[in-house]
Amino acid sequence: MTPDEARSMIAEALARIAPGTDLDELDPDESLAEEADLDSMDLLSLLDALHERTGLELAEADAAQLRTLNSAVAYLVAASG
Amino acid sequence: MKLDYRAALRDGLRHALINEPRAFLMGEDVGAYGGCFAVSLGLLEELGENKVRDTPLSESAFVGAGIGAAMGGLRPIVEIMTVNFSLLALDQIMNNAATLLHMSGGQFAVPLVIRMTTGAGRQLAAQHSHSLEGWYAHIPGLRIVAPATVADARGMLWTALADPDPVLIFEHAALFGITDDLPEELEPVDLDRAAVRRPGTDITIVTYGSGLHRSLEAAEVLPGEGISAEVIDLRTLRPLDSDTYLESVARTHRALVVEEGWRTGGIGAEVAAQIGEEAFWDLDAPVGRLATAEVPIPYAQHLEAAALVQADDVVAAVRAVVG
Amino acid sequence: MPSLGADMDEGTLVAWRVGPGDVVRRGDIVAVVQTEKSDIEVEVFEAGTVAELLVDVGTTVAVGTPLARIEGERAAEQPVATKATPARAASPQRSMAGRVLSPLVRRDAAALGVDLASLQPADPSGPLHRSDVAAARRTRPATLRSGAASPYARRLASERGVDLAVLSGSGSGPAGAVLARDLPEVSSVAGSEAPPLDPMRAAIARTMERSNREIPHYYLAHTVDLAASVGWLAGRNAGRPPAGRILLSALELRAVALAARKVGELNGSWVDGRFVAGEGVHLGVIVALRGGGLLAPVIRDADRLDVESTMAALSDVVERARRGALRSSELSGATITVTNLGEDGVEEIYGVIHPPQVAIVGFGGVIDRVVATEGRAQVHPTVRVTLAADHRATDGRIGGRFLSKVGSLLAQPGKL
């Protein structure tokens, strides 16, 4: 998976969970939850969407690596090999 | 085209007689004499006796004949000299014209138009000067209209003629001299809607007929005191277009009703009561009412003027309401 | 001195025909006056006794000047001139500041209870007319009680949360009546400039307004150690896909549901002045909407769900609330409500009870705090749980028991 693919996957999921979110307007190095106004239920939905698309486990223990947009993209690229 | 109120009435009448084949005019002195107020001057000569008919001096008889003609399929326009004389035909108007549709189970409509002059201001004393349109507005089955402008004087008759039920048109005798520029083509008037003659923000003045002119004169002066008055011409006294003035009161939060009838049980009382019922929570002051003094209209000029609502009275009443 | 011709301004008294003590009758000749044209006998129009001659023979006085005083039977004290003055009617009574008050005006004022001293004529330079009295009566109803407010002012005050009692009697209307203009910031809401209130905002405003007006809230708070719950969740969720995981919120709801069943005094409604216990525990869950506003969908019979079902119910109502797909029946019937602002970094939240319920439970964020366990200071995840409860229905001790129960349940997640 390329970073662009990872990014567009996140954008697609957010379009459903938090309609109106524009990734370009988010600070990619700040907390994605705060930037996109996501609560724990939204984050769980986001993980679920990414899990469905990639088959990755996305364990709770890895949550810290998914904290920001940039770190999430990097994590997805690395994890998908 | 510059027209005065009288010429506008004549123009509307002529238009109706020419364009509605079933229409004809009848009344006292409407033909050879040209009408008591010269409204029909020249129409007999132009349109002939089938269209313009003089009647004997019996209001009850010729209004009754008009009702019969209307039930028989014609569109009669009956002229009564003044509203005071219409009382001689009140039985026909109230007991026949207003009720027959109802009493015949909808079988007989009475598409009759009755025109009459109303109002004071010309030193014609207590038997020729009253404003009794409020009485008629009390009667279900009638439509009551009162043209206050030159355009309405010309256009109301055509709309009235199209109404399947009796319509009484009250032409104000003191307005015969007012003039306005009208287009050549006659424009029909919407009788279902009151007209906002002057927009404003601080108080709604609800009026009709001569009261419109006193109110507009007052509204010209009031901005000098920082008061912007909205002036609404009811035009139709039955059925009342309450939507228009209630919407206005919802914006201005104050209301003054100005009428030439007497205060007790008048049109103004009805309008004020509706405002109290429907717009109570919008009111920032009690509804004001101005009406003619409760006396028979006096003959003497200064007494007649004192009995009637003048522009100064409107200014003072607005001041009292706005505070 | 009578006016004996339209052009007469003054006259000279040439002879008295009567003297003090003489009895006169109407029509008697009492004096002779010389005018520019001739001498004229002056007759009297009153009956009575001549009390005093006021003008000496040979004196020239202006028309209208009293010549003598006659005491009549009825008005012995009233000074009366010769009264031979038909051109000048009895002069109107003058009052304050020389203002002319006609008998009609005085009668009307008395009948209507209007104080003439307070009136200004419509024409400031002219006399008072009865219309001025009538206008005063109209604009100053004598029955107006102090502390009145116009209907529009009342409506605005209600909408803006202004207490009219504060303004009572200080308004600009009659008798200090409060008008719209007397309300603070009224210009910003008057007229059409004010944007219409969003219906949801309006509904929230009405409900919260009613709550704080009617319900005497009391507030309690409790710090709950979450080490056990957090540990339990980590184990429970490990190895499961996201869709199968459980959030802490579900545990919190579950704890509230069980505590509400145990402490039933907080689970129900205050209706018609008394507490009505809820039939079952129906949890109202506050869901904040993206873009503002909130909804409180209800999870029914929450005390009978297990943790898995609670999580499923929670994610279902949250998802549908945000999608606008809730049925109206799912928005009513709660017996107690839970609100959670912890994810926004809030440490504790004291809620406003949703009437007619009698309690709302608030959860703050999960925060690591130093806690003393078995005599040692340790850092544990904790949460501040609060209760706002209706003091009409319960007292603080009940609330305390309830919060303790929530705390002990969260400390033993296996029991949830």
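Colleague: Why does Arg69(C) count as partly exposed?

Modeller: Its relative accessibility is 23%. Buried means under 20% relative accessible area, exposed over 50%, and partly exposed in between (1.4 Å probe, protein chains only), so 23% puts Arg69(C) in the middle class. This is a predicted model, where local features need pLDDT of at least 70, side-chain atom pairs count only at pLDDT 80 or more, and totals for chains, interfaces and linings use all residues. Residues are numbered from 1 along each chain as its sequence is written, chains are lettered from A and ligands numbered from 1 in the order written, and side-chain values use heavy atoms, leaving out hydrogens and water.

Colleague: What makes Arg69(C) and Glu52(C) a salt bridge?

Modeller: Their closest N and O atoms sit 3.4 Å apart. The rule wants a side-chain nitrogen of Lys or Arg within 4 Å of a carboxyl oxygen of Asp or Glu, so the pair passes. Arg69(C) is in strand 7 of chain C and Glu52(C) in strand 5, 17 residues away (strands are DSSP runs of E, at least two residues; helices are runs of H or I, at least four; both are numbered from the N terminus).

Colleague: How do you know that the salt bridge of Arg322(C) and Asp42(A) crosses between chains?

Modeller: Arg322(C) belongs to helix 9 of chain C, and Asp42(A) to helix 3 of chain A. Their closest N and O atoms are 3.0 Å apart, so this pair meets the rule too.

Colleague: And why is Asp42(A) called buried?

Modeller: Because its relative accessible area is just 5%. Arg322(C), at 29%, is partly exposed.
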